[in-house]
Amino acid sequence: MTSLDPEALGARAYAMISELAAISAEPNRLVRLFLTPEHRRAADVVARWMHEAGLAVSEDALGTLRGRFGMSRRRLLIGSHLDSVIDAGKYDGPLGVIAGILAAEPFARAKAKLPFGIDVLAFGDEEGSRFPATMASSSACAGVFDQSTLSLADATGVTLASALRAYGKSPHDIAAAAYRPQDAAAYVEVHIEQGPVLESKGEPLGVVTGIVGQTRLLVTVNGEAGHAGTVPMHLRRDAYAGAAEMALALEKIVRAHRDDAMVGTVGRIEVKPGAVNIIPSQAVFTVDLRSLTDRTRKFAAERFEDEARRITTQRGLTYTVETFHEIATAECAPVLQDLLAQSISELGHNPIRLPSGAGHDAQVMAGLCPSAMLFVRCRGGISHNPAEFASVSDMGLAIAALIRFIERFQ
Ligand SMILES: [Zn+2]
């Protein structure tokens, strides 16, 4: 079948990705947020593609499009997201949706007799760029949607509940969006790597071993304000200097760790009163800690607290630590990893196994059913940036591998 030629599949995927990339809230950069007119337009285009591929299209209470093939109760779920960050690249999200459609198409066209049905899912919210919560759509599919997120508001004060209503949805229908665990056979997602590993190994495709868990902390350090000219150094209780030492301590803890997927970042810091000639009385900063096992991350967070205690005691400061976000590590199912690896090998490539340092819908879906991810090499490891790029050949190989995966899947 010519449609199974990776180059031809890649060329089709590129044309579709370009069509979606033109759907933006702004003329000069890509901004496609959840439950906006742009989301509607993108979903309409994707629904048309699903229909043309021979899939039966429906849409759930969170705006997730489903393209269904086959009547079996047992469903193989293939998906990714249509929303973007602000000033996004065009591959992050859409590639996975389009790969699902193009991989399901030959089975739908041939009316293939499979021991399972296929649902291609196009989620509306993965990035959390509009409301201060991520992965609302996949959470609904996985049956773990948090009702309290309905009252979260976007930057203009519109709540998720009212945005859903304006999109023609009812929050009352959210429970019905959930798959029953016994019906969800597996979830698989194709995504650009968003990192440099595949490029550095010279391989187009990788099999994800797990998606890192995340802990996010808000640390407040309190000291005492004073005149920057008159208070001698040894009498100061400088909140910022303490926070800075804590940031370096975090770096040291993470670097010393054997979990090579572990990373720690102080990404935001605010100093009060924030004047050039006043010793800071308060520093508030965030810590983002990620690792491939929950145990190692917990251990690092505890070590960080030990250091925070030591540093603040030495400096005559006080501190508080609040965990404001926690998501568990999601292990990708070994059986599915092997099926993906075999499919890549069959195409003549070396399946690189690698962890995902970024969060994905697969992380939420892993709570529902065995899940896996196929990563596609992206140039320079760049993402969340208009310079994001995956080649036509690599995308085509990913779709060809996904087709082989479906053939192998039981
Ligand atoms: Zn993504």
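**Close-up views of the domain contact and the zinc site**

**View 1. The contact between the two domains contains zero salt bridges.** In this predicted model, the count of salt bridges between domain 1 and domain 2 is zero. Polar contacts, by comparison, link six residue pairs across the two domains, both residues of each pair being at pLDDT 80 or more. On the side of domain 1 that touches domain 2, there are four nonpolar residues, six polar residues and no charged residues. Strand β6, formed by residues 205-211, gives the most to this side of domain 1, with three residues.

**View 2. The protein is divided into two domains.** Domain 1 comprises residues 2-212 together with residues 329-408, and domain 2 comprises residues 213-327. A distance of 36 Å separates the C-alpha centres of domain 1 and domain 2. Each domain supplies residues to the contact: 10 from domain 1 and 10 from domain 2. Between them, domain 1 and domain 2 bury about 690 Å², and 59% of this area is on carbon and sulfur atoms.

**View 3. Three protein residues serve as donors of the zinc ion.** The donors are His81 through NE2, Asp92 through OD and His191 through NE2, and they lie 2.0 to 2.1 Å from the zinc ion. Along the sequence, the donor residues follow the spacing H-x10-D-x98-H. Histidine 81 belongs to strand β3 (residues 75-81), whereas aspartate 92 belongs to the loop between β3 and α3 (94-109), so this pair ties together parts that are 11 residues apart in sequence.

Technical notes: Residues numbered from 1 in each chain as written. Predicted model: local features only at pLDDT ≥ 70, side-chain atom pairs only at ≥ 80, totals over all residues. Heavy atoms only, no water. Domains from an automatic or database assignment. Contact = heavy atoms within 4.5 Å. Buried area = accessible area lost by both parts, 1.4 Å probe. Salt bridge = Lys/Arg side-chain N within 4 Å of Asp/Glu carboxyl O. Polar contact = N/O pair within 3.5 Å; in protein donor to acceptor, adjacent residues only side chain to side chain. Helix = DSSP H or I, 4+ residues; strand = E, 2+ residues; numbered from the N terminus. Nonpolar A, V, L, I, M, F, W, Y, C, P; charged D, E, K, R; others polar. Donors = N, O, S within 2.8 Å, 3.2 Å for Na, K, Ca; no water.
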